[in-house]
Every structure is written in structure tokens, then in C-alpha cells.
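Please examine the model below. The report concerns backbone geometry and internal space.

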Amino acid sequence: MLERALLQMRMYKALLLLSVISLTPQSYAVADAPTSFAFTGSGYGHGVGMSQIGAKARALAGESATAILNYYYKNVSIVPVVDTQTIRVNIGHLLKAASFQVTSPDSSLRIYSGEIGQLQEQSPSASFGAREKVTATIQGNNVLAGNVIAKTITVRWAGANATVSMTSLGKSTKYRYGQIQIKAVNGALEVTNSLSLHDEYLWGISEMSSAWPAAALQAQVIAARSYALSKMDSVRTSCDCNVYGSSVDQNFVGFAKESEPKIGSLWKAAVTQTNIDSSTSLAILSQGKPIQAYYFSSSGGATQSTADAWGEASSYTQSVADPASVDVKLNPRYAQWSASADQSLVASAFLLPDVLSLEIVSRNSAGAVTYIKGISSTGATKLLRGDTFRSRVKLPSPYFQLAP
């Protein structure tokens, strides 16, 4: 019996030792996981379509807007198209509250129950004077604004050169054109500005400095118009919009763009210069349809295609040389950059418990990372596209290297 007890004790100790040995490598690996990862690279943005720094450089060299666009978008035609549509732009997504007011003495704010077409005239449900603030909130499945409650509320403003200021999440933005709709969607407010695509929407696009050369501004206008036209087939239920007013689609800042001191008029002029008449303007077409004219700030020396960046090919995005992006004089901030991302951010990007090391698996012909691998202390590995990784860990671009 004693010998049997001793044998059992020895077996128990052996099993305990084995369990400690099996746990030790993993525990050491977790402890050795770096607290952050360092990167170096070039460029800013996804690298697909028109490089804005490249467009500026080409405009400075005397190229026209059409020449710039034909360089960055292949197999396309730049022609007049009808652009009389009213575009619905999301200016407030998943909000709990938003406030509205007009400020000029002769202006008024008008609240309507329901969705009111822009050309429809009807009496408002409530009207407010200058500096009277109206706050919209969620009430069950409805919107409450002032004393008006409905599934959708329409906001209009009247008065000579009147603007309405919308405040949400501590930020105020002025809008001058069209009207605003506030809709209850899945327990939150979706706020949209409906206005003319032909000019009013484009006057508020803020994607390029208005101080840049005219040809670059015109190229940007035509690209932005083409992108918007490609989104006009349907209203997305998630945002009650054709496009988001953010970098999800295009950055729309309302009246702020055209009212920039000294240079706002230059942007507005660039829009006008791409209008043919009151109902047609220049746009980029491929196979007879407006293209999703992707653009970005700067590359790592060459643009990449949609197939390289996102795995979906389009005939009009091909890799072309973009030397201006890596010229420090033309692109002082992003010709070369360094950045870091902490352990938790990198691990969450890969959906791994931790990341011991990173490995760049492949690059495309433009030099951007196509795939990057994350290796966890558990032995698990995950692959991500380079552009997905740069977006999730907030790197400037997919043109990066792992820093030692």
C-alpha cells in the first residue's frame, strides 16, 4: 500500500511538472508581447485613383484638369452629363440629439411634420425666430423637435442669405442650401441635408485646399461630382442618404468651404468652371456610367488599383507612377513618416488575444502592402489586407514598412 501511495504521489508530481512546463512558454510569450509596434512609410490615404498631391504637381506643371484626370483614371471619357438631381447627404449619423438655430435678425427656422419635397409649399407645423434654438431628440420611434413629433421632421430656413447652424456632439456646422431631414432610424437620429448636386453640394466639399492651382481644383470637383453621381441610384436605409458627409464617402462641410476668407471663392469658381450650363456638368464616365472616382492625398510613389487594395477590380483604376507624393518639397508632411500602434490596437485589428510579431507577406507593384500577418502567443495567425490593416491601426497609408 505504501509503495502504491508513493507511486501515485510520484505520478501526481510528474503531471504537475508537465502542466507547469506546458504553461510556462505561453506565459512567457504573453509577457514578451511588445507593448507597441513601430512603422515607417510614405503617403496618406488608400492610394487608389487620383493622388491629390500628384494633381497639384501636374497643375503647377501646366496640365489641364482633363489631362490630370485622364492620367489617374484609365479607359474613361470626361464629358457633360445631366446633374439636376437632388442629393441626400448624411450630416449626422446615429445621434441622440441635434440642435438647430438661425442667427441673422431677419431669418426664421421652420419645422414641418413628415418628409416634405423641396419644391412642395405648405404651412410649417412650428416656426422660430433668430437665435431661438430647437433641439431634436428621439422619442420612441419618432423625432421630437420643438413641439412637433413625427417619424420624420423637415427643417427649413428663410431670410436673405440665411444659414442654419446645426450643433451635435459639441460641434456646430452651418448650412445654407436645400433643407434638412431628421429621421428616427433604429432608435437614433439620422440627419440629412438635401440640396442640388449640380453646384450646392459641391460648394461644400472640402477635400482639397482652395488655395491650390485652378486645374487641380477643377479635377477635384469633377472627381467629386462623378463619385456622387455613382451613388445616386438608391437611398441607403442605414443613413437615410445617398452619401455620407464624411470620409466614408466625401467630406462635406456645408457653408464653411465657400465662406473661407480669401480662398473660398476660388473653390466655388472651380465648381462653376466645370458646369456646362444650368443642367449639365463635366463628369468621368466608364462604359457610359459615372465612375466611383476614388481619390486620396498621396501615395508611396505609385497609385494602386482597386484589385490591389480591396480585391475588387475596376477597369479605370490602374497603378501609375506618382513621384510627387514622395517629394518632400511637394509633400512635406507625408513624403516620409513614422508612426506607432499599441498592442491592444494591433491585436484588435487582427481579432487576436495578442500579437507577438508582424510579418509583411506581400506587396503589389505600387509598393503598398497587400497582405500582413499577425502572429499570436497562442500560435494563431491571421492575415489582413494592407489597406484594412492601415485603416484599423490608424497608419497614414498602406505604403509602410515594419520599423526595427
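The following text treats two loop residues and then a cavity.

This is a predicted model, in which local features need pLDDT of at least 70 and side-chain atom pairs count only at pLDDT 80 or more, while totals for chains, interfaces and linings use all residues. Residues are numbered from 1 along each chain as its sequence is written, and side-chain values use heavy atoms, with hydrogens and water left out.

Most residues other than glycine have a negative phi. The table lists two non-glycine residues with a positive phi.

| Residue | Phi | Relative accessible area |
|---|---|---|
| R131 | about 70° | 62% |
| N186 | about 50° | 80% |

R131 belongs to the loop between β7 (126–128) and β8 (134–139), and N186 to the loop between β14 (179–185) and β15 (188–196). Helices (H or I, at least four residues) and strands (E, at least two) are DSSP runs, numbered from the N terminus. R131 is exposed, as is N186; exposed means over 50% relative accessible area (1.4 Å probe, protein chains only).

The structure contains one cavity of 30 Å³ or more. A cavity is a set of points, on a 1 Å grid over the protein atoms alone, where a 1.4 Å probe fits but cannot get out; lining residues have an atom within 4 Å of a point. The largest cavity encloses about 50 Å³, the volume being the space filled by probe spheres set on the points. Among its lining residues are Y175, R176, N193, W203 and F255. Two or more lining residues come from each of β15, α4 (197–203) and α6 (255–258).

Methods. Buried < 20%, exposed > 50% of the residue type's maximum accessible area, 1.4 Å probe, protein only. 1 Å grid on protein atoms, 1.4 Å probe; cavity = no way out; pocket = protein on both sides within 12 Å on 5 of 7 lines; lining within 4 Å.
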